[in-house]
Amino acid sequence: MELILQMKKKKLLIATGGGDCPGLNAVIRGICKRAKKSKEWEVYGSKEAFNGVWSEPPYIIPLTPKRTAGIHVKGGTILKTTNKSDPLHFPVKDEFGNIKFVDKTKDLAAKIQELGFDAVINIGGDGSQRISKALFDHGLPVVGVPKTIDNDLAGTDMTFGFQTAVQIATDSFDKLVTTAESHHRVMIMEVMGRDAGWIALHTAIAGGAEICLIPEIPYDIEKLVKRIESRYEKGRGFVNIVIAEGAKPKDGTVVSREGEVGSKHVKLGGVAFELSNQLKEAGVRAEIRETVLGHVQRGGTPSAFDRVLASAFGVKAFEMVMDGAFGKMVAFVNNDFVEVPLEAATKENKVVNPDGFLVKAAKGLGISFGI
Ligand code: F6P
């Protein structure tokens, strides 16, 4: 009689953390499809980043082919996400009811192993990859996948979600151009990006903005007034401005609001209105209108490019698990899919180089940075 030995499958846990982003589901599907082919792994997903691991009983679901079929075209994340339970700065209440932050990564690594997982793929931005690094340092086999619309993660030329956000911002910008022209107005469009001006810079070039303001190049309000006036010199002109949420004037500060309870991040947003007031105070006579694009940039279906990038990241991340390439992040470098140490990805954020060619190209196209 032939003896059929059923090999016990290894268990892989996936988590999506931080803000959501178009392409998360495509990564999940890529991992699951490649894992199915391997026949050696079962894939599970932790709900709301690692909250699913802490839950009693754990809120962890099997990622079956039925659950992941066709999800690559869907925005958001089927696993849900949160940016309020960072295990490196986990919010707990002290004896007086005040919130303090503690490092729970050691406990988290132990809990994941207790639950029988052999490896983890953590999909997220800079904050999530710092968590990946800490979990790896505590002995957990982790692979990272770079996500963020901000494109500010080091170690990779591009993160998935960025191209979709730029497309959404550009489509919106195009709409603002026609109304600015009709009313001879100054239109200010604020985009996301935190401390990096990638979305703003790409949108300004794609849309043909007159002015682009980014955190990496603090602006001089007088220079902006001159540029605006030059557009109205020969009669009734119009001006379209793209401003990144983290942009600030020379000697000025970033416009922020208080963060939410449980989050260590300050909330950015509202700089479009600040700039509008600054321009009025500096003597701009033309009518000014402000648009804050906000979370529209993160919603909806991923672009074709992001589906490709995210799907390939998923496949590559799973292959890294099979190869035991832990403590690393999959990255897109020089048009290739490579592995980079989590350390390189998390040391510092990747911001726009004010002396780099893209800024030079924008200047060559007549875009002012207010300097
Ligand atoms: O990091 C992505 C991002 O969309 C930033 O561009 C933005 O500042 C932030 O998240 C908004 O976070 P939240 O969804 O918590 O408001």
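Which residues have the most contacts inside the largest nonpolar core? In this predicted model, that core has 66 residues, and Ile123 and Phe160 are those with the most contacts inside it. Helix α6, spanning residues 162-183, supplies eight residues, the largest share of this core. Another core lies apart from it and has 22 residues, including Tyr219, Val239, Val271 and Leu275.

Individual buried positions were examined next. Ile28 is placed in helix α1, which covers residues 24-38. The relative accessible area of Ile28 is 0%, so the residue is classed as buried, the limit being under 20%. Between the C-alpha atoms of Ile28 and Val43 there is a distance of 9.6 Å, with 15 residues separating the two in sequence. Val255, in turn, is located in the loop that runs between β10 (239-244) and β11 (256-257). Despite this loop position, Val255 is buried, with a relative accessible area of 18%. For Val255 and Lys267, which stand 12 residues apart along the chain, the C-alpha separation is 8.9 Å.

Helix α1 also contains Lys36, and the accessibility of this residue contrasts with that of Ile28: Lys36 is exposed, whereas Ile28 is buried. The relative accessible area of Lys36 is 59%; exposed residues are those over 50%, and Lys36 therefore falls in that class. Together with Lys9, Lys33, Lys37 and Lys39, Lys36 forms a positive surface patch.

The charged side chains were then considered in pairs. The count of salt bridges comes to 11. One of these is formed by Asp20 and Arg298, whose closest N and O atoms are 3.0 Å apart. This pair links distant parts of the chain, with the two positions 278 residues apart in sequence: Asp20 belongs to the loop between β1 (10-16) and α1, and Arg298 to the loop between β13 (288-292) and α10 (304-323). Asp20 counts as partly exposed, at 24% relative accessibility.

A salt bridge is likewise formed between Arg34 and Glu319, with the closest N and O atoms at 2.8 Å. Here, too, distant parts of the chain are linked, as Arg34 lies in helix α1 and Glu319 in helix α10, 285 residues apart. The two partners fall into separate accessibility classes: Arg34 is buried, with a relative accessible area of 18%, while Glu319 is partly exposed, with 29%. Because the limit for a buried residue is under 20%, the value of 18% places Arg34 in that class. Helix α1 thus holds the buried residues Ile28 and Arg34 as well as the exposed residue Lys36.

Glu287 and Arg289 form a further salt bridge, in which the closest N and O atoms are 3.6 Å apart. Both partners are partly exposed: the relative accessible area is 39% for Glu287 and 35% for Arg289. Through salt bridges that share partners, Arg185, Glu287 and Arg289 are joined into one network.

Several backbone features were also noted. Most residues other than glycine have a negative phi, and most peptide bonds are trans. Glu48, which is not a glycine, has a positive phi of about 50°. This residue is situated in the loop between β2 (41-46) and α2. With a relative accessible area of 37%, Glu48 is partly exposed. A positive phi of about 50° is also found at Arg194, again not a glycine. Arg194 occupies the loop between β8 (186-191) and α7 (198-207). At 25% relative accessibility, Arg194 is partly exposed, because this class lies between the limits of 20% and 50%.

With respect to peptide geometry, the bond joining Glu56 and Pro57 is cis, with an omega of about -5°. Pro57 is part of the loop between α2 (51-54) and β3 (60-62). Helix α2 is accordingly flanked by two loops with such features: the loop between β2 and α2 holds Glu48, with its positive phi, and the loop between α2 and β3 holds Pro57, with its cis bond to Glu56.

Methods: Residues numbered from 1 in each chain as written. Predicted model: local features only at pLDDT ≥ 70, side-chain atom pairs only at ≥ 80, totals over all residues. Heavy atoms only, no water. Patch = residues over 30% accessible without salt bridge, like charges linked within 9 Å, V, L, I, M, F, W, Y side chains within 5 Å. Areas by Shrake-Rupley, 256 points an atom, 1.4 Å probe, with all protein chains shown as cover. Salt bridge = Lys/Arg side-chain N within 4 Å of Asp/Glu carboxyl O. Lys, Arg positive; Asp, Glu negative; His and termini not counted. Charge placed at Lys NZ, Arg CZ, Asp CG, Glu CD. Helix = DSSP H or I, 4+ residues; strand = E, 2+ residues; numbered from the N terminus. Buried < 20%, exposed > 50% of the residue type's maximum accessible area, 1.4 Å probe, protein only. Core = buried A, V, L, I, M, F, W, Y, C linked by side-chain atoms within 4.5 Å.
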